[in-house]
Amino acid sequence: MSKKLLFFILILNFLIFKNVAFSNDKQNFKIVDINFIMNQSIAGKDILKTLDKENKKKIEEFKKIEKNLADAKNKILSQKNILSDAEFKLKVDEHQIKVNDYQNKQKKNFENLNKKKLELSNKLLKEINDILVKYSKDNSIDLILKKETILISQKNSDITRLVLENLDNKIKKID
């Protein structure tokens, strides 16, 4: 008898809590693809273009430095039999210092470029967030979710294009 009573209580609890859990079925939620907006907006494309241009410029500079370092190394190696061991070691050490400086400069450039990308992306995300907050207030939206976290949804729940249009109308460039 106790098993039947326990089973009955569990079923009753399930039915009661099911109704409570789904009593607020009318929640209004939307989804947005942040990555799409970041990559396809006018400001997002400008950020990518600016960073790519800077990166290509630095790569050209680094290629010239690498060529100079390689030429200097070959010159030192060609003088190995002519120079004394002390002079040769001194030239090799001086060259190694130049190589280390170059590597540090290259590393610092990479870090600066990543820092700039992060700063610009955060500014753009703040603008997107402002648009989403305004949209949710104006349209009584309870919840906005990232598209990446959603498995299945209605097409009318996706507000990505609308947010993209608002962002493109609001800003063209992030400084």
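**Exercise 1. The chain as a whole**

What percentage of the 175 residues in the protein chain do buried residues make up? Work that out, then sketch the order of helices and strands.

*Solution.* Keep in mind that this is a predicted model.
- Step 1: buried residues account for 23% of the 175 residues in the protein chain.
- Step 2: tally the elements, and you get 5 helices and 2 strands.
- Step 3: walk along the sequence, and the pattern reads α-β-α-α-α-β-α.
- Step 4: turn to the contacts between residues at least 6 apart in sequence; 86% of them join residues at least 24 apart.

**Exercise 2. The core**

Find the largest nonpolar core and say which helices feed it.

*Solution.*
- Step 1: the largest nonpolar core holds 21 residues, and L124, I128 and V163 have the most contacts inside it.
- Step 2: at least two core residues come from each of α2 (34–40), α3 (42–78), α4 (85–138) and α5 (160–170).
- Step 3: α4 gives the largest share, with 7 residues.
- Step 4: zoom in on V163, leaving out residues up to four places away in sequence; V163 then touches V32, I37, I128, I131 and L132.

As background, nonpolar side chains in soluble globular proteins tend to be buried together.

**Exercise 3. Two helix pairs**

Classify how α4 packs against α5, then do likewise for α3 and α4.

*Solution.*
- Step 1: the α4 and α5 axes come within 10 Å and cross at roughly 120 degrees.
- Step 2: roughly perpendicular stops at 115 degrees and roughly antiparallel needs over 145, so α4 is oblique to α5.
- Step 3: the handedness of this α4 and α5 crossing is right-handed.
- Step 4: list who makes the contact. From α4 come L124, E127, I128, D130, I131, L132 and Y135, while α5 brings L162, V163, N166, L167 and K170.
- Step 5: sort those residues of the α4 and α5 contact by class, which gives 8 nonpolar, 1 polar and 3 charged.
- Step 6: now the other pair. The α3 and α4 axes come within 11 Å, crossing at roughly 175 degrees.
- Step 7: that angle is over 145 degrees, and α3 and α4 are therefore roughly antiparallel to each other.
- Step 8: in the contact of α3 with α4, the classes come to 16 nonpolar, 7 polar and 9 charged residues.

**Exercise 4. V32 and its surroundings**

Place V32 in its element, decide how accessible V32 is, and list what V32 touches.

*Solution.*
- Step 1: V32 belongs to strand β1, residues 29–32.
- Step 2: the relative accessible area of V32 is 2%, and buried means under 20%, so V32 is buried.
- Step 3: setting aside residues up to four places away in sequence, V32 touches I37, L132, I144, L145, K146, K147, D158, I159, T160 and V163.
- Step 4: pick T160 from that list. V32 and T160 are 128 residues apart in sequence, with their C-alpha atoms 4.7 Å apart.

**Exercise 5. Y135, E165 and S140**

Is each of these three buried, partly exposed or exposed? Take them one by one.

*Solution.*
- Step 1: Y135 sits in helix α4. Its relative accessibility is 16%, so Y135 counts as buried.
- Step 2: beyond neighbours within four places in sequence, Y135 contacts K30, I141, I159 and L162. For I159, the separation from Y135 is 24 residues in sequence and 9.7 Å from C-alpha to C-alpha.
- Step 3: E165 lies in helix α5. With 49% relative accessibility, E165 comes out as partly exposed, because exposed needs over 50%.
- Step 4: E165 and I42 are 123 residues apart along the chain, and 9.6 Å separates their C-alpha atoms.
- Step 5: S140 is in the loop between α4 and β2 (143–146). S140 has 53% relative accessibility and so counts as exposed.
- Step 6: check the backbone at S140 too. Its phi is positive, about 50 degrees, although S140 is not a glycine.

Key
Residues are numbered from 1 along each chain as its sequence is written. This is a predicted model: local features need pLDDT of at least 70, side-chain atom pairs count only at pLDDT 80 or more; totals for chains, interfaces and linings use all residues. Side-chain values use heavy atoms; hydrogens and water are left out. A nonpolar core is a set of buried Ala, Val, Leu, Ile, Met, Phe, Trp, Tyr and Cys residues joined through side-chain atoms within 4.5 Å. Buried means under 20% relative accessible area, exposed over 50%, partly exposed in between (1.4 Å probe, protein chains only). Helices (H or I, at least four residues) and strands (E, at least two) are DSSP runs, numbered from the N terminus. Contact means heavy atoms within 4.5 Å. Axes are lines fitted to C-alpha atoms, for helices over the stretch in contact, and angles run from 0 to 180 degrees between N-to-C directions. Angles under 35 degrees count as roughly parallel, over 145 as roughly antiparallel, 65 to 115 as roughly perpendicular and the rest as oblique. A crossing is left-handed if the near helix is turned anticlockwise from the far one by less than a right angle, and right-handed if clockwise. Ala, Val, Leu, Ile, Met, Phe, Trp, Tyr, Cys and Pro count as nonpolar, Asp, Glu, Lys and Arg as charged, and the others, Gly among them, as polar.
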